[in-house]
Amino acid sequence: MTLPGQNRFGSETGDPLLLTPGPLTTSKAVKAAMLHDWGSRDPVFLALNRDILAWLPEIVAGGADYVAVPVQGSGTFAVEAMLTSLVPPGGRVLVLVNGAYGARARRILEIAHRASVVHQTPEDTPPDPPAVARLLAGDPAISHVFAVHCETTSGILNPLAEIASLAARHGRSLLVDAMSSFGALPLDAPALGCTAIAASANKCLEGVPGLAFVICEKRALVAAKGTATTLTLDLEDQWRALESTGQYRFTPPIHVIAALHRALEEFRAEDGVAGRGRRYAENCRVLTEGMRRLGFRPLLAGALQAPIIVTFHMPRDPQFIFQRFYDGLKARGFVIYPGKLTVAESFRIGCIGRIGPGDIRAALAAVEAVLAEMGVALPLPAAA
Ligand SMILES: *Cc1c(COP(=O)(O)O)cnc(C)c1O
C-alpha cells in the first residue's frame, strides 16, 4: 500500500531519510525480510534467531566468555534489564552522567531501589577520569560503574577505555550503554573488561525497532540468578529459557528479528564495524564541513564528536524559526531532530542508518534552500 506522500524521497522505498538518532532509514531488503508470518516455534525463525545470537557477541570480540541475551522492546528495555538483572540489592552503581541517557540509568536504579552515586559533567564535557578514580577509591561500596559510550543527547564520545581501566584497576564491574555506537565504533568487551553492554537492533545495526539485547559476561549472568527486580526484564531467566528450549519466554518480535538477521548480513557484507564506521565517519565529515560552510556551529570540538549524530547551535538570526526549518527539510525528504540539551538551544542531524555521503550532500542542499526560503542570510554570522 502506498500512502500519500510516499515514494518521493531518497530512501529505497521513497520515504524521507531519517537523519535522527533512531528509528533510522533501513534498506528495502531489511523491510522486505518482514514479509512473513512465522510462528514462534517455526524452525526457520529459530534458525535466524540462533544466527543473530551467535553474531552479536562477535561484534564486540566477545568470544566464548560472552553471550547475547535478547530483550523484546526498545533500547531502554535492555538498559533497564542490564541494570536490574546484574546489580544486586546490596550493590551501588557509579553512574557517569553527561546527558539524558546517563540520567535515565540513574532513574532506572532509583525505581528499582538500587543505590547509585552520580558523577555529572555538562553535556559538552566528558566524565573526568581523576574524579572518577577518587570516587572509586573513596567508596568501596561501589560495585559497578555505568557509562554511556556515545551520549546521543549531544553526540559526545565518552572516554570508555579510560573509564574501563579505572573500573578494572579498582575491581568494579563495568556496565555500558553502547546503544548508539554498537556496530559503528570498535568495542572490545574482553579487553575493556566489560561485564555487560546494552544495545539495540535499530541504530547502527540498521534493523527496525522492537528488539534490544545485552551482551553479558557469562559468569556474571550465571551469578545473577534471582537478582532481577522484574520478570519480563530478567536477563538470566531469558537466557536460561533460550539455552534450554531455544524459545523466548514471551512472544518474540518475529518480524523484527527476521529484519535484524537481514540487517546483520548487510552489516557483515559491509566489513562489519570497520566498514560501517568508515561510512558514518564520512557522513559526519561531509555534514560537519558543509554545515560549517553555511555558518552553523557544532556544539562539540572534533575530538569529542562521535560520528553518530551532530548537535548544532541554533542560529541567532530572527528569521530562523526551527519549526519552519524542520518542516521545510521534511518537505524535501529529510527528517532532522530537535535538540535535547539543557546547556544551549540546539538541533541535531544524524549520520547513521542506510544513508551515505551523497544523501548528506543532498540534505545540505536542502538546508541551504530552506534557509533561502526563510530569508536567512548566508553564511550565518559567526556567534560572539
Ligand atoms: C537510543 C538510545 C537509548 C535507547 O533509547 P530507546 O528510545 O529506548 O530505543 C539508550 N541510550 C542511548 C545512548 C541511546 O542513544
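**Exercise 1. The ligand site**

Which residue has a polar side-chain atom 2.6 Å from a nitrogen atom of the ligand? Identify this residue, then describe the shell around the ligand.

*Solution.* The model is predicted, so local features need pLDDT of at least 70 and side-chain atom pairs pLDDT 80 or more, whereas totals for chains, interfaces and linings use all residues. Residues are numbered from 1 along each chain as its sequence is written, and side-chain values use heavy atoms, without hydrogens and water.

Step 1. The residue is Asp177, whose polar side-chain atom lies 2.6 Å from a ligand nitrogen. The protein covers 86% of the 380 Å² of accessible area that the ligand has on its own (Shrake-Rupley method, 1.4 Å probe).

Step 2. Two ligand oxygen distances are to be added. A polar side-chain atom of Ser74 is 2.5 Å from an oxygen atom of the ligand, and a polar backbone atom of Gly75 is 3.0 Å from an oxygen atom of the ligand.

Step 3. The shell (residues with a heavy atom within 4 Å of the ligand) includes Tyr101, Arg104, Cys150 and Lys203. By class, the shell residues are four nonpolar, five polar and three charged. Helices α3 (75-86) and α4 (100-111) each supply at least two of the shell residues; helices here are DSSP runs of H or I with at least four residues, and strands are runs of E with at least two.

**Exercise 2. Helix α2 and its cover**

Describe the length, the ends and the buried residues of helix α2.

*Solution.* Step 1. Helix α2 comprises 17 residues, 43-59, and spans 25 Å from first to last C-alpha, close to the expected 24 Å (1.5 Å times one less than the number of residues).

Step 2. At the N-terminal end, Asp42 acts as cap, with a side-chain oxygen 2.7 Å from the backbone nitrogen of Val44. After the helix comes Ala61, with a positive phi near 55 degrees.

Step 3. Among the buried residues of α2 are Leu48, Ile52 and Trp55, where buried means under 20% relative accessible area and exposed over 50% (1.4 Å probe, protein chains only). Their cover includes β2 (66-72), β10 (211-217), α9 (235-245), α10 (254-269) and α11 (272-294).

Step 4. His261 belongs to α10 and counts as buried because its relative accessibility is 7%. Beyond its neighbours within four places in sequence, His261 is in contact (heavy atoms within 4.5 Å) with Leu48, Asp51, Ile52 and Trp55.

**Exercise 3. A charged residue in α9**

Is Glu236 buried or exposed, and what does its side chain meet?

*Solution.* Step 1. Glu236 is in helix α9 and is buried because its relative accessible area is 2%.

Step 2. The side chains of Glu236 and Arg240 are joined by a polar contact of 2.7 Å (a pair of N or O atoms within 3.5 Å; within protein, one must be able to donate a hydrogen and the other to accept it, and residues adjacent in sequence count only if both atoms are side-chain atoms).

Step 3. The backbone nitrogen of Glu236 lies 3.1 Å from a side-chain oxygen of Asp234, which caps the N-terminal end of α9.

**Exercise 4. Backbone exceptions**

Compare the settings of His113 and Glu206.

*Solution.* Step 1. Most residues other than glycine have a negative phi. Phi is nevertheless positive in His113, near 55 degrees, and in Glu206, near 65 degrees.

Step 2. His113 lies in the loop between α4 and β4 (115-120) and is exposed because its relative accessibility is 69%. Glu206 lies in the loop between β9 (194-200) and β10 and is buried because its relative accessible area is 2%.

Terms used:
Ala, Val, Leu, Ile, Met, Phe, Trp, Tyr, Cys and Pro count as nonpolar, Asp, Glu, Lys and Arg as charged, and the others, Gly among them, as polar.
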